[in-house]
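Here is a briefing on one chain and how its parts pack. Look over the structure first, then read on.

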Amino acid sequence: MAGTRRKHESCHRPRPHAARPRGATRHTSGEEARMRASPDLAASQEAAPDLAELLARVARGDQDAFASVYDAVAGPVLGLVRSVLRDPAQSEEVAQEVLMEVWRCASGFRPDKGSAMSWVLTLAHRRAVDRVRSAQAASDREYRAALLDQTPAFDEVTEQVEARLEREQVRRCMRTLTEVQRQSVNLAYYQGHTYREVAELLALPLGTVKTRLRDGLIRLRDCLGVSV
């Protein structure tokens with residue numbers, strides 16, 4: 001698409017003063033009025049130049065010729081662009097870009113490659129497709145940004161993994177304790193009971209519970225590799 005954009009911007013020419021919005025009424029000269037009033041006189045005049053000839057004149061900077069080209073192609077251009085974009089406002093904008101490209105790049109038309117209308121409509125289709133791709137790329141960027149917002153930060157993930165590994169290691173080390181040691185540690189340090197409550201729950205003397213807790217904590221410390 002970047003290549004296409006460079007191609008669009010490679011033609012440089014000032015905006016034509018004679019170009020007018022679609023639907024604007026041209027002022028009719030006295031000669032034109034007489035031709036309309038007299039069919040015989042109109043028939044005797046030279047036939048109007050075709051679109052290819054008009055484009056050749058536009059390439060030489062003829063603003064009157066561009067006004068005629070504008071009238072001839074504005075409708076088909078807008079129709080084609082709207083069939084691609086669907087959005088009326090964007091279609092109007094892109095159609096105007098196409099018509100200005102016709103003014104700037106008329107010298108790029110080659111009659112031996114196809115008709116003038118086909119050349120103009122090719123420009124229109126290319127512009128419309130570029131706009132669709134640009135909109136899709138913007139949508140994709142927004143989607144990726146939204147996904148990043150929902151993804152936990154690296155530090156958060158690291159902490160979660162470390163905490164999970166530590167819990168697994170503690171459970172593994174707990175299995176190395178004797179039954180009384182494991183029950184004592186679990187009641188005192190994981191369930192929050194006092195030493196006396198642990199002794200009552202296990203139906204053991206308070207001194208025995210304290211000894212089992214001390215021995216169990218020393219074994220856990222050695223298993224977990226905690227230095228004192």
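How many residues does the largest nonpolar core have, and which residues have the most contacts inside it? It has 29 residues, and Leu55, Val69, Val77 and Val102 have the most contacts inside it. The model is predicted. The chain has eleven helices and zero strands.

**Overall**

- Every element in the order from the N terminus is a helix: α-α-α-α-α-α-α-α-α-α-α.
- The chain has 228 residues, and 25% of them are buried.
- Among contacts with a separation of 6 or more, 66% join residues 24 or more positions apart.

**The cores**

- The largest nonpolar core, of 29 residues, counts Leu55 and Val69 among those with the most contacts inside it.
- At least two residues of this core come from each of α4 (51–59), α5 (63–85), α6 (88–105) and α7 (116–150).
- Helix α5 gives the most, with ten residues.
- Another core lies apart from this one. It has twelve residues, including Met174, Val185, Val209 and Leu213.
- Val77 is one of the residues with the most contacts inside the largest core. Beyond four places in sequence, Val77 touches Ala95, Val98, Val120, Leu121 and Ala124.

**α4 against α5**

- The axes of α4 and α5 come within 8 Å and cross at roughly 135°.
- An angle of that kind makes α4 oblique to α5.
- The crossing of α4 past α5 is left-handed.
- From α4, the contact uses Leu51, Leu54, Leu55, Arg57 and Val58. From α5, the partners are Ala65, Phe66, Ser68, Val69, Ala72 and Val73.
- By class, the residues of this contact are nine nonpolar, one polar and one charged.
- Leu55 of α4 and Val69 of α5 take part in this contact, and both are listed with the most contacts inside the largest core.

**α9 against α11**

- Helix α9 covers residues 179–190 and helix α11 residues 206–224.
- Their axes come within 8 Å and cross at roughly 95°.
- The two helices are therefore roughly perpendicular to each other.
- On the α9 side, Val180, Gln181, Ser184, Val185, Ala188 and Tyr189 make the contact.
- On the α11 side, the contact residues are Val209, Arg212, Leu213, Asp215, Gly216, Leu217, Arg219 and Leu220.
- The residues divide into eight nonpolar, three polar and three charged.
- Val185, Val209 and Leu213 belong to this contact, and they are also among the residues of the twelve-residue core.

**α9 against α10**

- Helix α10 spans residues 195–202. It packs with α9 at an angle of about 135°, the axes being 10 Å apart.
- That makes α9 oblique to α10.
- This crossing is right-handed.
- Gln183, Ser184, Leu187, Ala188 and Tyr189 in α9 meet Tyr195, Val198, Leu201 and Leu202 in α10.
- Seven of the contact residues are nonpolar, two are polar and none is charged.
- Ser184, Ala188 and Tyr189 of α9 meet α10 here, and these three residues also contribute to the contact with α11.

**Leu206**

- Leu206 is found in helix α11.
- Is Leu206 buried or partly exposed? Its relative accessibility is 24%, so Leu206 counts as partly exposed.
- Leaving aside neighbours within four places in sequence, Leu206 is in contact with Tyr195, Arg196 and Ala199.
- Leu206 and Tyr195 are eleven residues apart in sequence, and their C-alpha atoms are 6.9 Å apart.

Terms used:
Residues numbered from 1 in each chain as written. Predicted model: local features only at pLDDT ≥ 70, side-chain atom pairs only at ≥ 80, totals over all residues. Heavy atoms only, no water. Core = buried A, V, L, I, M, F, W, Y, C linked by side-chain atoms within 4.5 Å. Buried < 20%, exposed > 50% of the residue type's maximum accessible area, 1.4 Å probe, protein only. Helix = DSSP H or I, 4+ residues; strand = E, 2+ residues; numbered from the N terminus. Contact = heavy atoms within 4.5 Å. Axes fitted to C-alpha atoms, helices over the stretch in contact; angles between N-to-C directions. Parallel < 35°, antiparallel > 145°, perpendicular 65-115°, else oblique. Nonpolar A, V, L, I, M, F, W, Y, C, P; charged D, E, K, R; others polar. Left-handed = near helix turned anticlockwise from the far one by under 90°.
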